[in-house]
Amino acid sequence: MTNRAWWKECVVYQIYPRSFYDSNGDGIGDLRGILQKLDYLKELGIDVVWLCPVYKSPNDDNGYDISNYQDIMDEFGTLADWEKLLAEMHKREMKLVMDLVVNHTSDEHPWFQEARKSKDNPYRDFYIWRPAKAGHEPNNWRSFFGGSAWGYDEQTSEYYLHLFSKKQPDLNWENPQVREEIYTMMDWWLQKGIDGFRMDVINMLSKTPGLPDVPAVTNDRYQFAGQYFVNGPRLMEFLLEMKAKVLSRYDILTVGETPFVTTQDAIMIAGEETGALKMVFQFEHMDLSAETGAEIRTDKSSRLLDLKSVMSRWQKDLEGRAWNSIYLGNHDQPRSVSQFGDDGRYRVESAKLLATFIHMLQGTPYVYQGDEIGMTNVAFESIDDYRDVATRNMYREAVENKGVDPLEALKVVHAKSRDNARTPMQWDPSKQAGFTTGTPWIKVNPNYEEINVAEARANPESVFHYYKKLIRLRKENPVIVYGSYDLLLASHEEIYAFTRTLEEDRLFVILNFSANTSVFHLPEDFAVKSTELLISNYNINPDENIQEFSLHPYEARVYRL
Ligand code: NOJ
């Protein structure tokens, strides 16, 4: 039996502030813009907002490179705007979760500015410095954003580690002073009344001592070295210390962004009894669509069996031990409807199906901005229209270093770029999708005249109204939050069906993840008593016999048995 908690019952909405709503016409979303849209979120039924970083930043990685943890980025507004936003959210009984980015800072953070001055500067040891090894970088680690993970600093003729961009030096968590500074900063925000933290790449804090070279698995000069910094030797010690000194004193939602975790890691990090955090974001289901080389797996139906097995393992392994966070998209991923559904003919149906999926699993659902109206990937014609540092670096590396044909590289960008999720929120059919009166920092998706909030709110059959209904159902039915999960028809290649059971209450969720009409036979021993149709994305006869029937393309239904 799972313990009850508010952070299990809520639905979280993720805001990427730069692209949400611009209140002052400078082309960049801002805090006052968010304020103006709170009633929209309330109408949707949202009770928790996760705000991507709004701190001072030179924006090499759109705010994930922080130069001052205790102030607001100029483009987004002021601390007073932020205080007002928090107050207005609380007035509406909404909670605010802030992003915590403490694996690294910006190279423009005063700590790093000091650290690079001299080898004996008091801040030197806040970062990870090494001398050259035989005239080269200290080891062969690759940065997530391409190239070496080491940046050379001329002033002191040493290298500093940066797992992400060269403007994001990694903090040295081995240094207790660093940890104290971070805890004090976290406490400062919590004292202001925030309701939690989403913790950026939090399982990368602890690096293996000695920072050894990683065995090469490709011909590349630099290699992925996750084995030496993912869930490193002191990770749990650091997180438990953070819990003891800060987190345990507040009733908050904490969610760790933890790439490459297994269910066992998740139970260690976020276990009900002894964990440090409330939940983690896992990536196994997102990695199913990962490209292998230049080839992208686009055959969606063949992926369903993998998706079922991954999600079922997470549902079963964590039940009663830890809590799942459920998501299909965020600011680092392509749009969920493009990745897992169909962004063409069945866009509306498949967006609703995916919504049904994330709301009906056990765990806290996270809705990424724009998914509630079924926003899609974008395909800009030129790499110059892309803004994301990762996208631009990868493209350059592919074209310039590896000789990939530019058009081929652009195809990969279209399918995979993080900018797919970062185009401006589409509010209405007016110019720039109603996002700004100025020139947006990144182009709007040209499909905004069709896909936008104004249209969605006016249309009772829209993806938006379907989300509203799902969120309401979740609030009204504890079985949706707490019920245990059981997979049916594990080997069906098009249909994903499962039950959720809480004592006598039992739901049956059936989802056709394909563009085909799919026939479904319930197993013989599946006792169907009376049935009540809770929600469906097609207009169907609610009393239909459900022992054997066919499902329309991307049809989703939820019954109470
Ligand atoms: C994960 C964040 O979600 C991503 O946007 C960022 O680039 C990296 N961490 C580095 O902070």
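**Stop 1: a positive patch**

Select Lys166, Arg387, Arg392 and Arg396, which together form a positive patch on the surface of this predicted model. Keep arginine 392 highlighted and display helix H13, residues 389-401, in which arginine 392 lies. Is arginine 392 buried, partly exposed or exposed? Its relative accessible area is 34%, and arginine 392 is therefore partly exposed, since the partly exposed class lies between the buried limit of under 20% and the exposed limit of over 50%. These limits will serve at later stops as well.

**Stop 2: salt bridges across the sequence**

Charged residues may also be found in pairs. In general, side chains of opposite charge can pair when their charged atoms come close. In this model the count of salt bridges comes to 44. Three of them are visited here, followed by a network.

Select aspartate 81 and arginine 32. They form a salt bridge in which the closest N and O atoms are 3.0 Å apart. Aspartate 81 belongs to helix H4 (residues 79-91) and arginine 32 to helix H2 (residues 31-36), so this pair ties together parts that are 49 residues apart in sequence. Now compare the two partners with respect to accessibility. Aspartate 81 is buried, with a relative accessible area of 13%, whereas arginine 32, at 49%, counts as partly exposed.

Next, select arginine 457 and glutamate 43. Their side chains meet in a salt bridge with an N to O distance of 2.7 Å. Arginine 457 is part of helix H15 (residues 453-458) and glutamate 43 is part of helix H3 (residues 38-44), so the parts tied together by this pair are 414 residues apart in sequence. Arginine 457 counts as partly exposed at 42% relative accessibility, and glutamate 43 is partly exposed with a relative accessible area of 27%.

Which residue forms a salt bridge with lysine 167? Select aspartate 107: the closest N and O atoms of this pair are 2.9 Å apart. The pair links distant parts of the chain, 60 residues apart. Lysine 167 is in the loop between strand E8 (158-161) and helix H6 (176-191), while aspartate 107 is in the loop between strand E5 (95-100) and helix H5 (110-115). Lysine 167 is partly exposed, with a relative accessible area of 21%; aspartate 107 is buried, at 10%.

To finish this stop, select Asp39, Lys84, Glu88, Lys91 and Arg92 together. Salt bridges that share partners join these residues into one network.

**Stop 3: the sheet of E6, E8 and E7**

Display strands E6, E8 and E7. These three strands form an open sheet in the order E6-E8-E7, with antiparallel pairing. Which strands stand at the edges? They are E6 and E7; each has a single partner strand, so one side of each is left without a neighbour in the sheet.

Look more closely at E7 and E8, which pair in the antiparallel sense over four bridges. Select aspartate 153 to see one position in this pairing: its bridge partner in E8 is glutamate 158. While the strands are displayed, it is useful to recall that in a regular strand the side chains alternate between the two faces of the sheet.

Follow the chain from E8 towards H6 and select leucine 171, which lies in the loop between them. Leucine 171 is buried, with a relative accessible area of 0%. Add tyrosine 127 to the selection. The two residues are 44 residues apart in sequence, but their C-alpha atoms are 4.6 Å apart in space.

**Stop 4: positive phi angles in two loops**

Select alanine 134, in the loop between strand E6 (129-130) and strand E7 (150-153). Its phi is near 50 degrees, a positive value in a residue other than glycine. Alanine 134 is exposed, with a relative accessible area of 75%.

Then select leucine 211, in the loop between strand E9 (196-199) and helix H7 (235-245). Leucine 211 also has a positive phi, near 40 degrees. Is leucine 211 buried or exposed? At 8% relative accessibility, leucine 211 counts as buried.

**Stop 5: the hairpin of E14 and E15**

Finally, display strand E14 (residues 484-488) and strand E15 (residues 495-502), which run antiparallel and are joined by five bridges. Select leucine 488 and locate its bridge partner in E15, alanine 497. The hairpin has six residues between its strands. Select leucine 489 in this hairpin, where the phi angle is positive, near 50 degrees.

How values were computed
Residues numbered from 1 in each chain as written. Predicted model: local features only at pLDDT ≥ 70, side-chain atom pairs only at ≥ 80, totals over all residues. Heavy atoms only, no water. Pairing = 2+ DSSP bridges. Patch = residues over 30% accessible without salt bridge, like charges linked within 9 Å, V, L, I, M, F, W, Y side chains within 5 Å. Areas by Shrake-Rupley, 256 points an atom, 1.4 Å probe, with all protein chains shown as cover. Salt bridge = Lys/Arg side-chain N within 4 Å of Asp/Glu carboxyl O. Lys, Arg positive; Asp, Glu negative; His and termini not counted. Charge placed at Lys NZ, Arg CZ, Asp CG, Glu CD. Buried < 20%, exposed > 50% of the residue type's maximum accessible area, 1.4 Å probe, protein only.
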